[in-house]
Amino acid sequence: MADPIENAKRTAARKAVEDHFNPTARYIGIGSGSTIVFVVEAIKDRNEDLSRILFVPTGYQSRQVIVKAGLQPIQFDSLPSGVLLDVAFDGADEVDEDLNCIKGGGACLYQEKLVATHAKKFICIADQRKLQSRLLSKWDKIPIEVEPLAAHSVLQSLTTLGSQEASIRSSLLEKSGPLKTDQDNFIVDAKFKHPLLPKATTAEGVEGVGEDRHWAVETLAKEIKQIEGVLS
């Protein structure tokens with residue numbers, strides 16, 4: 001019997017590729033996570049000439065998916081100067097009704113940000129399980145990639161912003177210490193007491209600037225980005 005969750009991921013991925021993949025593209029970004037496996041599968045299944053397309057991974061896992069499919073990977077720092085990717089595909093951990101999203105469950109935040117912001121078009125793929133009216137409804141923490149030397153000061157700053165629990169993510173074997181990204185950075189997971197406020201709520205006069213630990217999405221994102229040592 002087919003797994004309904006895997007079917008949902010595959011359906012969302014195939015729809016994204018059907019609507020946004022162009023076989024004349026030169027550079028395509030490939031994000032990280034389980035849904036991306038189905039994106040690459042959908043591209044490969046089109047049976048088109050993909051020989052001139054170079055695929056830019058956001059981490060070790062996505063590079064392996066690209067290579068396994070017989071496609072040509074290229075590292076982000078090998079792109080010609082000034083070139084933008086034609087499109088970048090990636091997944092999300094949670095998406096709200098304003099299309100804000102939480103990413104970073106797979107610990108590839110910084111590379112995902114580099115690829116997404118250097119694409120002419122960014123396509124975020126999520127099945128119905130990921131859609132919530134407010135962020136931090138089911139996915140209860142915000143992943144943040146940080147410089148290791150700044151990790152503890154970042155934790156202090158997040159506590160000041162009202163995070164009830166901010167911690168450095170451990171590797172699968174806790175005795176191995178903190179999990180490290182492909183760039184040898186740490187991931188901090190920050191929990192906040194309340195789901196984040198969407199635009200509609202703040203438009204009604206609720207400020208969402210941390211009062212009683214209530215934050216608007218964009219306001220909290222801006223505050224976190226300003227913390228010294230935060231990369232993504």
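This passage describes the overall build of a predicted model of one protein chain, its nonpolar cores and several individual residues.

Because the model is predicted, local features are reported only at pLDDT of at least 70 and side-chain atom pairs only at pLDDT 80 or more, whereas totals for chains, interfaces and linings use all residues. Residues are numbered from 1 along each chain as its sequence is written, and side-chain values use heavy atoms, with hydrogens and water left out.

The secondary structure of the chain comprises seven helices and 10 strands, where helices (H or I, at least four residues) and strands (E, at least two) are DSSP runs numbered from the N terminus. The chain is as compact as a globular protein of its length, because its radius of gyration of 18 Å is close to the 17 Å that the globule rule gives for 232 residues; this radius is taken over C-alpha atoms, and the rule is 2.2 Å times the number of residues to the power 0.38. Taken along the principal axes, the box filled by the C-alpha atoms is roughly 55 × 45 × 40 Å.

Of the 232 residues in the chain, 45% are buried, a term that stands for under 20% relative accessible area, with exposed meaning over 50% and partly exposed the range in between (1.4 Å probe, protein chains only). The accessible surface of the chain comes to about 12400 Å², and carbon and sulfur atoms account for 50% of that surface; these areas were obtained by the Shrake-Rupley method with a 1.4 Å probe, and for residues only the protein chains shown count as cover. Contacts, defined as heavy atoms within 4.5 Å, often span long stretches of the sequence: among those between residues at least 6 apart, 72% join residues at least 24 apart. The chain carries 28 positive and 33 negative side chains, and the centres of the two sets lie 4 Å apart. In this count Lys and Arg are positive and Asp and Glu negative, while His and the chain ends are not counted, and each charge is placed at NZ of Lys, CZ of Arg, CG of Asp or CD of Glu.

The largest nonpolar core, a set of buried Ala, Val, Leu, Ile, Met, Phe, Trp, Tyr and Cys residues joined through side-chain atoms within 4.5 Å, has 25 residues, and those with the most contacts inside it are Phe21, Ile28, Ile30, Val39, Ile43, Phe55 and Phe89. Two or more residues of this core are given by each of α1 (4-20), β1 (27-30), α2 (34-44), α3 (60-68), β4 (87-91) and β7 (122-125), and the largest share, six residues, comes from α2. When residues up to four places away in sequence are not counted, Val39 touches Ala13, Val17, Ile30, Phe89 and Ile125. A second, separate core of 23 residues includes Leu136, Val146, Leu161 and Leu220.

Ser62, found in helix α3, is buried with a relative accessible area of 0%, and apart from residues up to four places away in sequence it touches Ile30, Gly31, Ser32 and Pro57.

Gly162, in the loop between α5 (151-160) and β9 (163-168), counts as buried at 9% relative accessibility. Leaving aside neighbours within four places in sequence, Gly162 is in contact with Phe192 and Arg213, and its C-alpha atom is separated by 8.9 Å from that of Lys191, which is 29 residues away along the chain. Ala166, placed in strand β9, is partly exposed at 22% relative accessibility. Its contacts, not counting residues up to four places away in sequence, are with Leu155, Leu158, Val188, Asp189 and Ala190, and the C-alpha atoms of Ala166 and Gln156, 10 residues apart along the chain, are separated by 8.5 Å.

Val209, in the loop between α6 (199-203) and α7 (217-225), is partly exposed at 46% relative accessibility. Beyond neighbours within four places in sequence, Val209 is in contact with His214, Trp215 and Thr219, whereas Ile36, 173 residues apart from Val209 in sequence, lies 35 Å away, C-alpha to C-alpha.

Positive phi values occur at two residues described here that are not glycines: Asn47, at about 55°, and Asp184, at about 65°. Asn47 is found in the loop between α2 and β2 (54-57) and is exposed, with a relative accessible area of 71%, while Asp184, in the loop between β9 and β10 (186-192), is partly exposed at 48% relative accessibility.
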